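Okay, thanks for making room for me today. Let me put the structure up, and then I'll talk you through it.

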Amino acid sequence: MAQRGAGDGLALRVIAPVMRVVEIPMIGLQRVLGINRLAWVFLLPNLLLFGLFAFLPVILNVAYATTGGANVLLEARPQIGLDNFERLLDCANHLDPNTCREDKFWRAVWNTLWFVTLQVGIMVGFSLLTAIVLNGKIRARGFFRSVFFFPVLLSPVVVALIWKWMLQRNGVLNAFLDWAGIGGYNWLVDANWAFAWSVFLSVWAHMGFYTLILLAGLQAIPRDVYEAATMDRASPWRVFRRITLPLLAPTMLVVLVLALIKGVQTFDEVYAFTGGGPGTATTFIIQYIYEEGFAGSPRLFGLSAAASLLVAAVLVVLTLVQLWVNRKNVNG
Amino acid sequence: MARPWDFLTATRGGARLHWTDWASYGYLCLGVFLMFFPVVWLVLSSFKTEADLQRYPPTFLPYEQQTVTVAGHDEPLPLFRITGGEHEGMILAQLRRVGLQAQMIDPADPEERLSVAISDYERLERFTLATENYAELFGRFDFLLYFWNSTFITVMATLIMLLTNSMAAFALSKYQFRGRTAVLLLVIGTLMIPQTVVLVPLFLIVSELGMFNSLWGVIIPGAATPTGVFLLRQYMLTIPDEILDAARMDKASEWKIYWRIILPLSAPAIAVLAILAIMWRWNDFLWPLIVLTQSENFTLQLALNSFQGELQTQWSSLLAMTVLTLLPIALVFMFLQKYIATGIASTGGK
């Protein structure tokens with residue numbers, strides 16, 4: 001694996017002098033601190049970045065959420081306690097965004113919930129189907145696997161533009177539907193269709209990733225279990241229900257939690273695809289946070305921070321479940 | 001006839017194809033079509049002229065209407081083949097169209113005007129790649145600037161990330177020190193703090209550091225990733241400690257052990273992380289959208305997104321730019337496919 005190519009040589013020629021210069025102070029530190037305490041020096045840059053760009057923001061987020069006004073500087077922001085949260089959560093009927101003070105927030109919440117439910121359900125379903133098919137006696141498995149995986153690498157904006165181009169009024173899909181006698185449609189102008197296509201686009205772009213994980217899970221199931229089942233003349237459906245599904249359950253759980261964590265954070269591709277519209281039909285929670293804090297005027301940083309704390313709470317729970325699931329898998 | 005059929009339908013086990021195999025291949029072929037066709041369609045469309053893009057129904061390949069320059073007319077005239085009526089078989093140039101009739105002339109005899117029903121003619125076209133769509137990107141748009149911004153961010157962020165993450169992973173895998181477990185927990189803790197939920201304070205910190213509207217404001221905050229630290233630490237744990245002890249006997253400094261022994265031995269893991277980092281940075285959207293608000297700082301992704309608003313009708317440039325944006329990732333994919341698949345499977349994404 002560690003072949004030395006021409007590229008390595010070039011990299012070494014650039015990096016080696018830098019590393020040699022860094023070595024001089026590092027030797028000094030090693031003398032002063034001793035070998036084991038030197039570990040902190042190695043950790044320092046990374047911890048500094050974590051502290052400054054991950055932990056400090058979490059604390060500041062609370063500070064923002066409890067202050068009002070449109071000033072970005074914390075000392076210039078008036079304390080308003082939990083007003084931001086009250087404003088977000090104030091609803092006569094939480095099921096109906098029209099009765100809420102911050103109706104856009106609740107529209108985004110319900111859109112996100114619907115989106116995550118549909119997207120995760122459809123995506124995991126198709127990923128499982130694809131993984132099972134790929135796990136069968138298939139020629140050119142590597143080729144097919146990479147075909148499904150390919151869109152994972154595309155940038156969200158590119159994915160959005162590809163499908164916008166496919167779906168536009170005089171686009172290729174409408175041409176096909178016209179030819180088939182069904183008739184075309186102006187898809188992204190219709191709220192329901194825009195939502196449905198957003199789900200589709202998201203499934204299209206990400207299912208390869210989950211297929212890959214599920215396929216790895218399937219291949220980890222020992223072959224002799226299946227051979228024994230074949231000897232007992234178990235039907236394929238029975239084999240699937242009684243062997244494949246139970247043995248794949250831990251992987252399925254990992255995939256579900258991962259998909260949920262990512263689904264809740266959906267923003268990029270749908271924002272580039274529909275801009276959240278028509279109206280607010282495809283506005284999700286992260287877009288709400290972005291628009292309140294950065295795109296609107298005045299910039300409601302407090303409201304934005306309060307909303308992101310609510311999302312963070314959901315994500316922390318999901319991530320804890322993920323860590324717990326992973327731990328169980330490793331130990332089990 | 002039987003033999004090629006036998007060959008095609010033979011399976012690894014030597015048995016005939018079962019109907020489930022047919023269903024499997026059918027499903028996979030449908031998948032290939034669904035996954036590839038939109039991209040192929042995008043690339044083909046990016047070579048069409050603006051006029052060809054407006055055509056409905058669209059043609060699969062890029063065509064251009066053939067034209068002819070006739071003396072006495074400033075503009076080149078579009079050519080048509082006459083398929084019916086009294087001029088059947090001739091190739092005529094259209095002067096203008098009035099309702100269902102077209103006024104045409106024979107390029108060889110430009111004096112005489114002929115009237116042809118438009119149901120009796122078809123466009124004369126030829127396969128042409130409209131490479132001017134791409135040339136335009138370099139002339140009319142600051143494509144090279146955006147490309148440079150994206151490349152700069154991707155390269156710098158990847159280098160910084162590899163350096164800091166590998167140093168931290170080295171410390172966490174090869175040293176016994178007080179507080180190691182605490183640091184590991186801290187790293188796990190950052191897994192729970194995706195950028196999407198700390199946008200506002202992150203924006204403040206980046207502005208206070210003077211990195212608002214600077215490429216560094218995109219590069220630095222994303223440089224330390226828990227995923228990277230874990231991936232490298234897991235790999236470094238497999239490197240035997242005896243190698244380090246031997247190097248220490250030879251009076252090598254700890255820094256030298258890090259970059260002359262640990263780094264080269266971790267090359268496979270570093271390669272995986274590098275590819276992932278390149279992909280994340282190149283495709284990054286939300287954070288650059290917040291930090292970079294001036295168009296001279298735009299990355300390719302931001303430029304694409306803002307152009308699709310501005311150039312609502314000018315698909316030709318937009319499509320060409322989309323193709324050029326996905327090209328680097330497509331190339332990386334083709335050459336390093338194996339690394340990417342294993343890397344992503346082992347880290348569970350971002």
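I'll take the two chains in turn, then the contact between them, and finish with two residues.

One thing before we start: this is a predicted model, so keep that in mind throughout.

Let's begin with chain A. Its secondary structure is 13 helices and zero strands. If you read along from the N terminus, then, you just get α after α. Now, how does its radius of gyration sit against the globule rule? Chain A comes out at 26 Å, while the rule gives 20 Å for 332 residues, so the chain is more spread out than a compact globule. Along the principal axes, the C-alpha trace of chain A spans about 70 × 60 × 40 Å. As for burial, 48% of its 332 residues count as buried. Looking at contacts in chain A with a separation of 6 or more, 62% of them are between residues 24 or more positions apart. The exposed area of chain A is about 15,900 Å², and carbon and sulfur atoms supply 65% of that. On charges, chain A carries 25 positive and 18 negative ones, and the mean positions of those two groups are 13 Å apart.

Over to chain B. Here we have 15 helices and eight strands. The radius of gyration of chain B is 30 Å, and the globule rule for 350 residues gives 20 Å, so this chain too is more spread out than a compact globule. The box that holds its C-alpha atoms is roughly 100 × 70 × 40 Å along the principal axes. Of the 350 residues in chain B, 52% count as buried. Take the contacts in chain B between residues at least 6 apart in sequence, and 64% of those join residues at least 24 apart. The accessible surface of chain B is about 16,500 Å², with 62% of it belonging to carbon and sulfur atoms. Chain B has 23 positive and 28 negative side chains, and the centres of the two sets lie 17 Å apart.

So much for the chains by themselves. How many residues does each chain bring to the contact? Chain B puts in 105 and chain A puts in 104. Together they bury about 9,400 Å², and 78% of that area comes from carbon and sulfur atoms. If you want names on the chain B side, look at B:Tyr27, B:Met35 and B:Trp255: they supply 8% of the area that chain B buries against chain A, more than any other three residues.

Now for those two residues, both in chain A. First up is A:Gly171, in the loop between helix 6 (156–167) and helix 7 (172–179). Is A:Gly171 buried or exposed? It's buried, because its relative accessible area is 3% and the cut-off is under 20%. Setting aside residues up to four places away in sequence, A:Gly171 touches A:Trp165 and A:Met166, plus B:Tyr56 and B:Pro58 from the other chain. For a sense of distance, the C-alpha atoms of A:Gly171 and A:Thr280 are separated by 24 Å, with the two residues 109 apart along the chain.

The other one is A:Thr211, which you'll find in helix 8 (residues 191–219). A:Thr211 is buried as well, with a relative accessible area of 1%. And what does A:Thr211 contact, leaving aside neighbours within four places in sequence? That would be A:Ser127, A:Thr130, A:Ala131 and A:Leu134.

That's it from me.

How values were computed
Residues numbered from 1 in each chain as written. Chains lettered and ligands numbered in written order. Predicted model: local features only at pLDDT ≥ 70, side-chain atom pairs only at ≥ 80, totals over all residues. Heavy atoms only, no water. Helix = DSSP H or I, 4+ residues; strand = E, 2+ residues; numbered from the N terminus. Buried < 20%, exposed > 50% of the residue type's maximum accessible area, 1.4 Å probe, protein only. Contact = heavy atoms within 4.5 Å. Rg over C-alpha atoms; globule rule 2.2 N^0.38 Å. Areas by Shrake-Rupley, 256 points an atom, 1.4 Å probe, with all protein chains shown as cover. Lys, Arg positive; Asp, Glu negative; His and termini not counted. Charge placed at Lys NZ, Arg CZ, Asp CG, Glu CD. Buried area = accessible area lost by both parts, 1.4 Å probe.
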